[in-house]
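Welcome! Take a moment to turn the structure around on your screen, and then use the notes below as a guided tour.

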Amino acid sequence: MRSKKSSANYNRQDTIFKGILISASLLVVGLFVALFLMLIRESMPSILGNGFAFLTGTTWDPGKGVYGALPAILTTIATSLLAVALAIPVALGIAIFFTEYAPERSKFPLTLFVDLLAAIPSVIFGIWGLWVIAPLIKTYVQQPIVASIGFIPIFGGPAYGISLSLASLILAIMVVPIIASLTIEILSRTPVSLKEGMISLGATKWETVKHVSLPFARLGILAAVMLGLGRALGETMAITMVIGNSYMWPFANPSIFAPATSITSKIASEFYEATSAIYVGSLIELSLILLVITLATNALFRYVINKTNRGAKRQ
Amino acid sequence: MANGSVKLDIQRLEAWFGDKQALKGISLRIKPKTVTAIIGPSGCGKSTFIRCINRMHELTPGNKVAGTILLDGVDIYNDMDSMDVRRKVGMVFQKPNPFPNMSIADNVVAGLKLINAAGKKELEEMAEENLKAVGLWGEVENDLKKSGASLSGGQQQRLCIARALAMRPEIILMDEPTSALDPASTAKIEELMKTLKAETTVIIITHNVQQAARISDMTAFFYLGELIEYDDTRRIFESPKSPLTERYIMGRFG
Amino acid sequence: MRLVSRKNANLLITLLSLAITIIAIVPLLWIIGCVIANGASAINLEFLTDTPAPYGESGGGIANAILGTLIINAMASLFGIPVGVLTGMYLSEYANSGKFSSVIRASVESFSGVPSIIFGIFAFTLIVTAAQHYTALAAAFALGLMMVPIVAKATEESMRVVSDDIREAAIALGIPKWARTVKIVLGVARGGVITGSLLAFARISGETAPLLFTSLFSFYWPTGIDQPMATLQVLIYNFALSGYPDRVLQAWGASLLLVILVIVINVAVKVVTRPKYKEGF
């Protein structure tokens, strides 16, 4: 029979333990709040000093005290959207191949490849993109395009190699495995009974995918795209090494073959040398903007997914 | 039995799951415009049997099939494409599986859309016609745009029957279609058998021996992968030839 | 539609998806190939045991960066893994649908969406400005914080799928809740927690941005955790952009080491967690 004393002991132990867990969790919450607060506080010199012109200005000249972030913001958004746009069809192709057509024995090596691609450090994507891909892309892809349709401004020359388009391409490669592995997971969960229903009507594999599996996976694919987009928005090293770090795009030169600067590449390349309070503050305000864009994008996706889910359940 | 009156001719059908043999040489002939009930204890190969008829058994990993199945005299394995077979042989599953991402009307004509059988107007008419045939029209005519999954279990199953029927199949296979339903829905579906019989040929698996007695013209009794007895339903129930059949039927009655 | 053209469409999709998959694998093989081809020649004894030579001179090694990466990763794990496991434990065993739990969940979820460079800035504002110089400790803090959501999620998920039967058996034995959670449920779930931690470790080994203004870089052996420290990642970044061919080559060599580390961990985790049985269809 358990004595009252040991019951009390147990209760005390449980309370202490729960307290430890809660402390750890509160630490996480606290750190998140602290993150926001610190970013806001440290951006103050810029928020106050640069004002609204920070968001609309197109020139960045610390020497003259001019800080306009618009090209960087636009570049971040453009490269991310481009990267995801390139990545979605590839990721879908992989996912469809994996779930419907791949022979059983190839599945393990396939997922291994996809996971490894996702695990390669971004700085290595950067060094590969810079030293291996950039020269090739410049000669074999960019220059021919410029030669043929370069009169269209966004495809205009000269072809720099290191550019917005190269950054988007490398980013796309990095984002593919993220979207693909989540899509594979969601497609695999398509109920067999639904697929059998379609097959019993005489459907081909592709028709089953098109009419049953993909509609079923709609929301999951959206979530996968959200994750990919989030990754693209926040990516720093690979972009910094291949984007060129120049404010040319889009206002001085709208070509995708021109060098550009994203929020992350600007911070990465200039933070160490930023000396004055307003310079540092501007860079931190940039990071705050990035954080807001990223979290807002996530929240938007989540809202859409939840709303669609609830709509479906109500039926 | 003249050849002209054989819809489905099954000759020495054998089937395996990996190295486990599920069907050990089944031979029987199904007559057109009849309802044939397949009865027998669990695991005796009934499901495997009908899944061979619409060539869905071959989707199971490690499957193997031997023997011949002739639909209207044509070998469904060697002389027909599997998708053609499934177009001509429809299936209704134990658990209703309407497509949740399609409306009720679209569910009915899902198969027809695949073969691009008709234009929008005709498809709408076909949806109405088949929903009427299964007795669902009155219940859903104002809700045709709603998801197929928004109906009750019994309605969903009738929807699946309408979906199969819309293909104008030569044969409809049914794998225990009422076992997951309540008695009222079951009764409604059993009533459908007369309608279905006029249009097509029905092969229905049922674990409910009384149901077999109620609705079928012919009954086949399977046991451990073998066809023990196949005869007129009344004859099987009144005077079964095999003691196994008798024991099974008796065990289920009263 | 005629059956032939429907089958052709299916065939087209088969080939197209196969082609796409092959194309997608090419970058992986290409990167690994480049890293091996360019980096292998850089690796020798001096490379592995010596500190870097100044820009413009030949020779030298990356030993301090190897050591630095290990030190910082270890410190990060000391922070990130316990906090992550404890939080994950809370979410799995103690959390309900109340406001408090949702706030915790939202924080963990939001952290996993935060760009890595922002962790670096956070650590900079918290620690580097306070210390008045770059420190490895700040880097460890940033990386550790990045580990928290990964480990927390892995812990929560692995513990959540432990069946209630096991918990009930433990209750029936009169074991207090803390012991049930730590000794029994966590015991069953430990595989998931370990693989989650390993993956988090591999992940931070590849993260460079948070290090750029925390641990910075150094050409010398680590002198203390309150000082800048060299790491493989930052070394690769600096040397690859340096324009000195000797250094670029060494960047490739460092990349090779980093890639090997990351691949080994990921392959090991994948092999250990492969599903043992296959379901039909």
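Chain A has a radius of gyration of 25 Å, whereas a compact globule of 315 residues would have one near 20 Å. Keep in mind as you explore that this is a predicted model. The notes start with chain A as a whole, then visit a meeting of two helices, and end at a sheet in chain B.

**Chain A as a whole**

- The C-alpha trace of chain A spans about 80 × 65 × 40 Å along its principal axes.
- Of the 315 residues in chain A, 49% are buried.
- Take the contacts in chain A with a separation of 6 or more: 75% of them are between residues 24 or more positions apart.
- Eleven helices and two strands make up the secondary structure of chain A.
- If you walk along the sequence of chain A, you will meet these elements in the pattern α-α-β-β-α-α-α-α-α-α-α-α-α.

**Where chain A meets chain C**

- Two packed helices are described by the angle between their axes and the distance between the axes.
- Here the pair to look for is helix α3 of chain A (residues 70-101) and helix α1 of chain C (residues 3-40), which pack at an angle of about 115 degrees with their axes 8 Å apart.
- The crossing of α3(A) past α1(C) is left-handed.
- On the α3(A) side, the contact is made by A:V90, A:G93, A:I94, A:I96, A:F97 and A:Y101.
- On the α1(C) side, look for C:T14, C:L16, C:S17, C:L18, C:I20, C:T21 and C:A24.
- Which classes of residue make the contact of α3(A) with α1(C)? There are nine nonpolar and four polar residues, and no charged ones.

**The sheet in chain B**

- Now move to chain B, where six strands form an open sheet with mixed pairing, in the order β6-β7-β8-β3-β9-β10.
- Its edge strands are β6 (89-92) and β10 (226-232) of chain B, and each of these pairs on one side only.
- From one strand to the next, the twist averages 20 degrees.
- Within this chain, strand β7 (residues 171-175) and strand β8 (residues 201-205) of chain B pair in the parallel sense over five bridges.
- To find one of the bridges, start at B:L173, whose partner in β8(B) is B:I203.
- Helix α7 of chain B (residues 153-165) packs on the sheet and touches β6 and β7 of chain B.
- Compare directions too: that of α7 in chain B makes about 175 degrees with that of β6(B).

Technical notes
Residues numbered from 1 in each chain as written. Chains lettered and ligands numbered in written order. Predicted model: local features only at pLDDT ≥ 70, side-chain atom pairs only at ≥ 80, totals over all residues. Axes fitted to C-alpha atoms, helices over the stretch in contact; angles between N-to-C directions. Helix = DSSP H or I, 4+ residues; strand = E, 2+ residues; numbered from the N terminus. Left-handed = near helix turned anticlockwise from the far one by under 90°. Contact = placed C-beta atoms within 7 Å. Nonpolar A, V, L, I, M, F, W, Y, C, P; charged D, E, K, R; others polar. Pairing = 2+ DSSP bridges. Rg over C-alpha atoms; globule rule 2.2 N^0.38 Å. Buried ≥ 20, exposed ≤ 12 C-beta atoms within 10 Å, placed from the backbone.
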